[in-house]
Structures are given as structure tokens and as C-alpha cells.
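Morning, everyone. Here is the chain I want to walk through today. Please have a look at the sequence and the fold first.

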Amino acid sequence: MPELTLETLAARLASLEQKVAALSGVIPPTRDWKSVVGISVETDFSRQMQAEMESIREAERKAAREGTGE
């Protein structure tokens, strides 16, 4: 990372301002992300995915207990 000077900070700020200006077509979120984390509709696919992830975690736990994991 370059040395932090007023000039480098000004250049970084200018770059960020250009990137934000390019987002003019983006609709800002109406709710804070923390208020919606974990909210989802349960479907057959999501239940199957959760079951597969749990079986993978359990296999990793078993391997760790037995000392056969990486």
C-alpha cells in the first residue's frame, strides 16, 4: 500500500467518488442487512441443501475426532 499522504488520500477519494457516481442506477436498500439475515422461505431444495451441509460437517467432525482429517 502506498504511503498515506493527503495527495494519495485525495486520489483514493476521487476514485471512490467516481465509482459511487457510476452506481446512479442502483436502488439503495430499504432495510438494514442485519434485519433480514436468515430470512428465507423453506423449500424442498433448501431442506436438501441444509441436510447435505450438515452431513458434510458431521463427516468433518468425525474425521477430526479420529485424526484422519487434513
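Start with L9. This residue is found in helix α1, which covers residues 6-22. Keep in mind that this is a predicted model. Is L9 buried, partly exposed or exposed? L9 is partly exposed, and its relative accessible area is 40%. L9 also has company. Together, L4, L6 and L9 make a nonpolar patch on the surface, about 320 Å² in area.

Now step back to the whole chain. How many helices and strands are there? The protein chain has 2 helices and 0 strands. Its radius of gyration is 23 Å. The globule rule gives 11 Å for 70 residues, and 23 Å is well over that, so the chain is more spread out than a compact globule. The C-alpha trace tells you the extents. Along the principal axes, the trace spans about 55 × 35 × 20 Å.

What about burial? Of the 70 residues, 3% count as buried. The exposed area of the chain is about 6,800 Å². Carbon and sulfur atoms supply 61% of that area.

Next, the charges. The protein chain carries 9 positive and 12 negative charges. Take the mean position of each set, and the two means sit 4 Å apart. Here is the general point. Side chains of opposite charge can pair when their charged atoms come close. How many salt bridges does the structure hold? The count is 6. Let me take you through some of them.

The pair R47 and D44 forms a salt bridge, with 2.5 Å between the closest N and O atoms. Where do these two sit? Both are in helix α2, residues 44-66. R47 and D44 are 3 residues apart there, so about one helical turn separates them. Their exposure is worth a word. R47 is partly exposed, at 39% relative accessible area. D44 is exposed, at 60%.

Move along helix α2. E58 and R61 both lie in this helix, 3 residues apart, about one turn. They form a salt bridge too, and the closest N and O atoms are 3.2 Å apart. E58 is partly exposed, with 34% relative accessible area. R61 counts as partly exposed as well, at 36% relative accessibility.

E58 has another partner. Its side chain meets that of R65 in a salt bridge, 3.1 Å from N to O. R65 is exposed, and its relative accessible area is 59%. Which residues end up in one network? Salt bridges with shared partners join E54, R57, E58, R61 and R65.

One more charged residue before I stop: K34. Where is K34 placed? K34 lies in the loop between α1 and α2. At 56% relative accessibility, K34 counts as exposed, because the cut-off for exposed is over 50%. Now compare sequence and space. K34 and E52 are 18 residues apart in sequence. From C-alpha to C-alpha, K34 and E52 are 26 Å apart in space.

To recap. The predicted chain has 2 helices and 0 strands, and 3% of its residues count as buried. L4, L6 and L9 make a nonpolar surface patch. Helix α2 holds the R47 and D44 pair, and also E58 and R61. Over to you for questions.

Note on methods. Residues numbered from 1 in each chain as written. Predicted model: local features only at pLDDT ≥ 70, side-chain atom pairs only at ≥ 80, totals over all residues. Heavy atoms only, no water. Helix = DSSP H or I, 4+ residues; strand = E, 2+ residues; numbered from the N terminus. Rg over C-alpha atoms; globule rule 2.2 N^0.38 Å. Buried < 20%, exposed > 50% of the residue type's maximum accessible area, 1.4 Å probe, protein only. Areas by Shrake-Rupley, 256 points an atom, 1.4 Å probe, with all protein chains shown as cover. Lys, Arg positive; Asp, Glu negative; His and termini not counted. Charge placed at Lys NZ, Arg CZ, Asp CG, Glu CD. Salt bridge = Lys/Arg side-chain N within 4 Å of Asp/Glu carboxyl O. Patch = residues over 30% accessible without salt bridge, like charges linked within 9 Å, V, L, I, M, F, W, Y side chains within 5 Å.
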